[in-house]
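User: Please take a close look at one part of this model and explain it in plain terms. Start from a single residue and work outward from there.

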Amino acid sequence: QAKAKGKNQFVVHTSDLSDEMIAESVLEIELRNALDNQEFVLHYQPQIHNVSGALIGFEALIRWEHPRLGLLAPGRFIRLAEENGLITQIGEWVISEACIQNKKWQDAGMAPVKISVNLSTQQFLTRNLISYVEEVLELTALNPKYLVIEITENMAMEYEYSIHVLKELKKLGVGISIDDFGTGYSSLNYLKNFPIDYIKIDKSFVSELMNDVNDAIIVIATITLAHNLQKEVIAEGVETQAQLDFLKHHNCDITQGFFFNKPLPASEIENIYLHH
Ligand code: C2E
Ligand code: MG
Ligand code: MG
Ligand code: MG
């Protein structure tokens, strides 16, 4: 808090700033340099097909290898990156890194799988998104069917423009997933007009699946709705055999969760899935 001192001078008393506020602004400055310093990494969480048990893809999840604070989860910095506009640049790095990695794995002989990346709404609405994705696919020579873009329901706020962007992405051949389904501010209306391939059931509905009948009802209804609309369903946050059994019994298509694997660095993915 700045206090008036004499004529036109202002003095900032650091004692007026909470440690938390200082830490937050230091983090923001560091975030501005993190891309240049190559401090971001992607971890990859396997997605398993429920009927065949086959690996069908990975979700790429960003982490920040912070020099002082260690490995930071996106919950610590994505909101900050959205507030100061860095999210688009960071998100572009995520798209290219994920495509490069997926192509490397295919070239190394791993069975081809899809890689999913998360887009913040802000990035989804930037004008050059489509040309950026097109360019990355060209440069990496990754077949577009092995890239999936995860968006949230909030992009339905820009209804007409979002339909346009999604249709262009579909023309490129990439898949579209609705993340955190049922947790955003939007009507179900978009489900009939948006070209969506997958619906991801948020882990908040999965975690209490076996204890809360309301969650169970919502999960069953979501699977039915998705299937009737010709979309596949991915359940995230699956941690127990009981949850998996329930989801399988109700014809959920794909499972992602700690029950199978936590998000892992590329090297560990290779240890598991790449035969030497
Ligand atoms: P999300 O896209 O819904 O990703 C799923 C989150 O659930 C991940 O957290 C994952 O580690 C966690 N998770 C998966 N399975 C389980 C489980 O069985 N139990 C529990 N308790 N958690 C599980 P993470 O990696 O911390 O990411 C949090 C959120 O940050 C993501 O939620 C996504 O919204 C955002 N995010 C992650 N990477 C990116 C990115 O590259 N760009 C943008 N814009 N957002 C990202
Ligand atoms: Mg996601
Ligand atoms: Mg999700
Ligand atoms: Mg989620």
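Analyst: The starting point is Q101, which is found in helix 3, a run covering residues 87-107. The model is a predicted one. Q101 counts as buried because its relative accessible area is 8%, and buried means under 20%. If neighbours within four places in sequence are left aside, Q101 is in contact with Y44, A266 and E270.

One of these contacts, Y44, leads to the aromatic residues. The structure holds 11 aromatic pairs. The rings of Y44 and F58 have their centres 6.4 Å apart and their planes at 75 degrees. The pair is therefore edge-to-face, since planes over 60 degrees apart are classed that way. A pair of aromatic rings is described by two quantities, the distance of the centres and the angle of the planes. This pair links distant parts of the chain: Y44 is in strand 3 (residues 40-49), F58 is in strand 4 (residues 55-66), and the two are 14 residues apart. Both Y44 and F58 are buried. Q101 in helix 3 thus touches a ring residue, Y44, that is itself paired with F58.

Other aromatic residues are grouped as well. F40, W64, F77 and W93 form one aromatic cluster. Some rings have a charged group over them. The charged end of R127 sits over the ring of Y161, at 4.2 Å from its centre. K262 lies over the face of F258, 4.9 Å from the ring centre.

The next topic is metal binding. E59, N118, E150 and D179 coordinate the magnesium ion (ligand 2), at 2.0 to 2.2 Å. E59 and E150 do so through OE, N118 through OD1 and D179 through OD. In sequence, these donor residues are spaced E-x58-N-x31-E-x28-D. Two of the donors, N118 and D179, link distant parts of the chain: N118 is in strand 6 (residues 114-118) and D179 is in strand 8 (residues 175-181), 61 residues apart.

N118 and D179 also differ in their exposure class. N118 is partly exposed, because its relative accessible area is 29%. D179 has a relative accessible area of 6%, so D179 is buried. D179 has a further role in the geometry of the site: D179 bridges the magnesium ion (ligand 2) and the magnesium ion (ligand 3), and these two ions lie 3.5 Å apart.

How values were computed: Residues numbered from 1 in each chain as written. Chains lettered and ligands numbered in written order. Predicted model: local features only at pLDDT ≥ 70, side-chain atom pairs only at ≥ 80, totals over all residues. Heavy atoms only, no water. Donors = N, O, S within 2.8 Å, 3.2 Å for Na, K, Ca; no water. Helix = DSSP H or I, 4+ residues; strand = E, 2+ residues; numbered from the N terminus. Buried < 20%, exposed > 50% of the residue type's maximum accessible area, 1.4 Å probe, protein only. Phe/Tyr/Trp six-rings, centres within 6.5 Å; stacked < 30°, edge-to-face > 60°. Lys NZ or Arg CZ within 6 Å of the ring centre and 35° of its normal. Contact = heavy atoms within 4.5 Å.
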